[in-house]
Structures are given as structure tokens and as C-alpha cells.
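Student: I have a model open and want to practise reading disulfides and cores. Can we go through it together?

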Amino acid sequence: MTKKVGDISMAARAVAIPPALLLLLFSLASPTAANLSTGYYQKTCPKAEQIISDVVTGKQISTPTTAAGSLRLFFHDCFVGGCDASMLISTNAFNRAERDADDNVSLPGDAFDTVIRAKTALELQCPGVVSCADVLALATRDLVLMLGGPFYTVRLGRKDALASTAASVPGNLPSPNMTVDQLIDVFAKKKMTVQDMVALSGAHTVGFSHCNQFASRVFNYDGSGGHDPTMNSEYAAALQQACANYEKDSTIAAFNDLMTPGKFDNLYYQNVLRGLGLLASDSALAADKRTRPLVELYAANQTAFFNDFTKAMEKLSLVGVKTGRKGEVRRRCDEFNSLST
């Protein structure tokens, strides 16, 4: 971003752009994300990253589902209003918050707990300094790394949102039964490309999904009485058995990657090509000519997947960030500093 601004300034001197137009160009080329930096807390809380790392490491060791849950929480937070910790706010008597929207009720409690623990540790060391949005961003990066995934840069200085409403969620999140056209549209609204979308879908290499998110694929698919024909038959049969009582027990779930569910690798893409994709949206990526070449590339080349995932995560982490007076640094991640906000 800095280089782009510099290029505009140089061009302005060369062709003598009028000051008013130059100011307009400069403002357009200087998004809020330009205020973020990797060394944002170097003076105010120099041990921030180490404190967060220590907390999330302990949490992941004691609760191995933490990493996948935190990654999903981060996605959901960024896709609705930006990466601003609005997803962490609890509902109160005056407001139904994002986390209680229908699309978010299945987000795991361990993910929220991880951020709360890290924030508590930070408040003891440097109170009122590190935002919950930055805690979530850093925790997610560290947890991906713990599972064997790639390291990526997290720029810091986000402020926490001043609003969080369940009504803002519908239509902003990718869903398990979306078509590729719908997925492309949702990601495009965040200025994410098709490549970004396919790379970020690789996060399904870890974690699990509840049966109600894919039941329509394995039970009476399109009224046929059977399963989605794009699925491996033995895999579909195993899911039918595992999810037989899902309507009575909504907690029943299956691993997104049945081969290495606790490791961040490229087997998700290999599974999808073999009819072992769990969600309809997973299988759709292998069937569409716009996305299949990327699925094939990542299935064959984990380095290519990691490189593109890194770029996409760095890009996603800058979506809709708040700085300055557009946000606050919450004292507690689950509530605003003032009820008036």
C-alpha cells in the first residue's frame, strides 16, 4: 500500500496534478488498513505476541479442536463487517449480537474462550492496549502454524467494532450449500478473488461440520432416496450411518477431512477430487471449470496451496478493519466499553 501511495505522489510531481485532485487520489489510495503495521505494539506492549502465543499453545494442547474453531471464528468475524471482533460480543437485553445469528450459533465455545484467555493475560501485562480484533487475528495465525500450516504476516492496530447485530449476518457468509457462482459473489464483495476463495476453502482440511450442514447430500438427495452421486458411495454410506440420528441430536458431526482431520495440509483438495468432499460447496469446487484447475494444483502441490493460502489470509485479515475513532480497544472482548455503543 505504501508503495502505491508513493507512486501516485511521484506521478503527481511529473505531470503537475492539481492539489485538490492529488488529495482525492491520495485518500483513495490510503485505505484504513494502511494504518496497520507488524510493530504496532512494539513500544506499548512489546510482549503481546508472545503472551498470545503462550496462551493459545496451552489451549490447543488441552483442547485439540481449538485451532479449527478459531480459524472458523476468524472467517465469520471478517466476513461480517470486517475483522473487528464484532463476533465476540455477547447478546444483552438491548441487542441480539452477531454470534447469536443462525449462521453463527454452531461456532465452538473453545474459540471464544481462547481469545478471552489471551485478552485476560494481556490486560494483566498492558491494560487497555491490545484490541480483541488483533488478539483473534494473531491467535488464528499461531494456531494454523501449530497444526502444520504456513506462517503468514499479521499487521496490527485494528480497533474493536462499536456495533454487533445478528441482523447484519444473513447474506454475508459463505454457506455449505452454495453454488460456485454464489461463493464467488460472496467473496467478491470482500474484494477476494476466485483464487483467494479456493485457497481459503482449504481451511476445511481441519475441523468438523455438523450433520445438518450436509444431510441433504447423503439422505434422499434431490428426492432420489439416495446420496449425491458425486460422492464416493462408501463415504456416503458411512456418513448416513454416522448421522442417522442427527435430527434428534444436533451435535453429531463429521470431520471435514476424513484422512488427516487434525493436520493442516493439502489432503482436503485430494479428497474433493476423489468424491470425499463433505460439503456441497466443497464438491462444487471440483466440478466448476473456474475452480477445478486450482483444486488440482493444490492437490498436487502443497507448497502452492500454502503460498496462496498465506496471501489470501493476509488479504482477508485487512477486510473492513477499524482504526482511530471508528473503533475502540475493549476492556472485555464480549462487551463494549460503553452500553451506549
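Student: Which hand does the disulfide of Cys211 and Cys243 have, left or right?

Tutor: This is a predicted model, where local features need pLDDT of at least 70, side-chain atom pairs count only at pLDDT 80 or more, and totals for chains, interfaces and linings use all residues. Residues are numbered from 1 along each chain as its sequence is written, and side-chain values use heavy atoms, without hydrogens and water. A disulfide is a pair of cysteine sulfur atoms within 2.5 Å, and Cys211 and Cys243 have theirs 2.0 Å apart. The torsion about the S-S bond is about -70°, so the link is left-handed.

Student: Is Cys132 buried or exposed?

Tutor: Buried means under 20% relative accessible area, exposed over 50%, partly exposed in between (1.4 Å probe, protein chains only). Cys132 has a relative accessible area of 0%, so Cys132 is buried.

Student: How many residues apart in sequence are the parts that Cys132 and Cys333 tie together?

Tutor: The sulfur atoms of Cys132 and Cys333 are 2.1 Å apart, so the two form a disulfide. Helices are DSSP runs (H or I, at least four residues), numbered from the N terminus. Cys132 lies in helix H6 and Cys333 in the segment after helix H14 (302-316), so the parts tied together are 201 residues apart.

Student: Which helix gives the most to the largest nonpolar core?

Tutor: A nonpolar core is a set of buried Ala, Val, Leu, Ile, Met, Phe, Trp, Tyr and Cys residues joined through side-chain atoms within 4.5 Å. The largest one has 81 residues, among them Phe74 and Phe309. With nine residues, the top contributor to this core is helix H6.

Technical notes: Helix = DSSP H or I, 4+ residues; strand = E, 2+ residues; numbered from the N terminus.
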